[in-house]
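Let us take a walk through a protein together. Keep the model open beside you and turn it as you read.

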Amino acid sequence: MLNIAILSLSCYINYVSCLSLTSPAIIEEVVGRSVTITYVTDFGDVSFTFEIYYNNSQIAGGGKGVFSKTPSTPFGNRLRTSSSLQSQKKYSLHIDDLKYNDTGSFFAQIKSFDLNLKANSTTKLIIYGGPSIISNLSSSYASDNETNFEVSIVLQGHPKPQVTWEFAGNKNVRVETFDENKRKYKYILTIPMITREMNGKVLSYKAVGYNDNEVVGSTKLNVTYSPTFCGAAVKEGIEFAEVASAMFTTHVCGNPMPAVSMEFGGQSVVTVLHAEKDKYQYSVNLTPYLIPSRCGNVLTVTAKNNKGERTSRIVLKYKLSPIPINSTMRKVGSCIDTNWSAPNTGDCDVSYKVDYLDGNNVTIYSKVFHNKELQASSCDENVVSNTISVRVTAVSNDTKVEPGDGDGKTSGKTVAVIVGIVVAVVVVIIIVVAFAVYHYKRNSEKDSEKQSTGSGRRPLNEETPFPRRSDADGYAIADDLIENNVERKNNTEGISLAQLDDGTYDQLEVMNDNPYIKNG
């Protein structure tokens, strides 16, 4: 503790008498403890008054032989007074169970009206302590995608506690003064964005205050969000190869825990729950529910909590066991006609196997028909003559067939159409390629002829001098004659062409002196 004595002197020269008052300048104490503030004076046996003020409000006073507290003080019953009236008079204040807001200034003054003397002294009381928790972390509820979510605590202490936060996410700490007079401070942790992945994450703090005292606190973040179907991707339809082992499993996430119900074909389905944190696995054995009339129906899964509701619809298809069908058979002319009614197989397609039986119930012939027909006809002479009865069985339509296809495989007509299309495409390609090759060869021959002399042929009469006309004129006429492979007369007496074995012309004889023709 820091104690500095303050001496206040006031002397009256005529009587050579002094009035003094002393007290500690500063007293430091810890919250919760007690403190005593003593004022000392050596004033003589004259009348005087003594008053003590706390933050400008009087809390105690007296005179030469009396000293007591005032009826009402901020300290209540925690304040007591005492005095010692020896040669050195002492007046004391006793304050118990110190509070942070007891910090303040205590001002004492003594006066003598007879001698016109007075003295005073001031003591500053400072309360240290903490940190102590006024408002701690509680289970913090937040919503998914909530922005600027705040978590706060209120601590008390002097000096002001220093707080550090720990949280698995983005954080931004802000401090607000809650009640500075009582040394209360509010600390706020702001989380910019809440995500469902933060659910269950631990949020903690540590506060360090007076004399390196520490307090800590922690909580788990409770992020609430509406149900979702999580885990593996939710399918729109499921096909079961075997009804006897038809198990369905789905995962639902949500906080608080969603209530999940399932319904299939108008009947509630009993589920088995396996929970892990905020992810819940629901499994159900569907075998008792997969009767033929429900095939292709929708399994509805509904998950609901106070944040919302989510529904998933899955179409269930499954392979049906063979179902005997009542049928009627009659012979019409040289054919056997068979008719039957479709069984109730829900929204699942089935095919029908029609067996033609002899007198020993041995199958003579079988055919598979799609369910749209619901009738069959056979005009085979051997089948008609030996058939005594017909048996119709509904089977799962794993492979869609055309009416009348015997083996339940791809329709023969369909195959023929596909083959025809392929052949036609191949023929068209061959024609296009042949046409392109033909034009390519033809253009190549023309280009080779142009690279030789004029028209691609040697001069018809190398010894005959050419007229002054251009060679192009003469070769043009020769080309024309050769191309048409005829003999022409154009103001000439005659033109003869000698054709070689390879189809070209070796010589052109000009029978007159027409220079235009001769140039050819």
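What follows starts with the whole chain, moves through its sheets and ends at its surface.

This is a predicted model, in which local features need pLDDT of at least 70 and side-chain atom pairs count only at pLDDT 80 or more, while totals for chains, interfaces and linings use all residues. Residues are numbered from 1 along each chain as its sequence is written, and side-chain values use heavy atoms, with hydrogens and water left out.

Begin with the overall view. The chain holds four helices and 35 strands; these are DSSP runs numbered from the N terminus, with helices being H or I of at least four residues and strands E of at least two. Of its 520 residues, 38% count as buried, where buried means under 20% relative accessible area, exposed means over 50%, and partly exposed lies in between (1.4 Å probe, protein chains only). Contacts (heavy atoms within 4.5 Å) tell us about the fold as well. Among contacts between residues at least 6 apart in sequence, 60% join residues at least 24 apart.

Now look at how strands sit side by side. Two strands pair if DSSP finds at least two bridges between them. Strand 4 (residues 35–41) is joined by seven bridges to strand 9 (residues 89–95), and the two run antiparallel. Within this pair, isoleucine 37 stands opposite leucine 93. Strand 4 is mostly covered, with five of its seven residues buried.

Further along, strand 13 (residues 147–158) pairs with strand 11 (residues 117–135) in the antiparallel sense over four bridges, and there glycine 129 faces histidine 158 of strand 13. Strand 13 is also joined to strand 16 (residues 184–193), again antiparallel, by nine bridges. Here glutamine 156 has lysine 184 of strand 16 opposite.

Next, find threonine 228, which lies in strand 18 (residues 214–230). Is threonine 228 buried or exposed? Its relative accessible area is 13%, so threonine 228 is buried. Leaving out residues up to four places away in sequence, threonine 228 touches Arg196, His251, Val252, Cys253 and Arg310.

Two open sheets come next. One has five strands in the order 19-26-25-21-22, with mixed pairing. Strand 19 (237–240) and strand 22 (267–269) stand at its edges; each has a single partner strand, so one side of each is left without a neighbour in the sheet. Neighbouring strands of this sheet are turned by 30° against each other on average, direction ignored. Such angles use axes that are lines fitted to C-alpha atoms (for helices, over the stretch in contact) and run from 0 to 180 degrees between N-to-C directions. Inside the sheet, strand 25 (residues 298–305) and strand 26 (residues 308–318) pair antiparallel over eight bridges, with valine 298 opposite valine 315.

The other open sheet has four strands in the order 27-33-30-31, with antiparallel pairing. Its edges are strand 27 (323–325) and strand 31 (363–370), each with a single partner strand, so each has one side without a neighbour in the sheet. Strand 27 pairs with strand 33 (residues 389–396) over three bridges, and proline 324 stands opposite threonine 393 in strand 33.

Finally, turn to helix 2 (residues 412–451), where valine 425 is found. With a relative accessible area of 44%, valine 425 is partly exposed.
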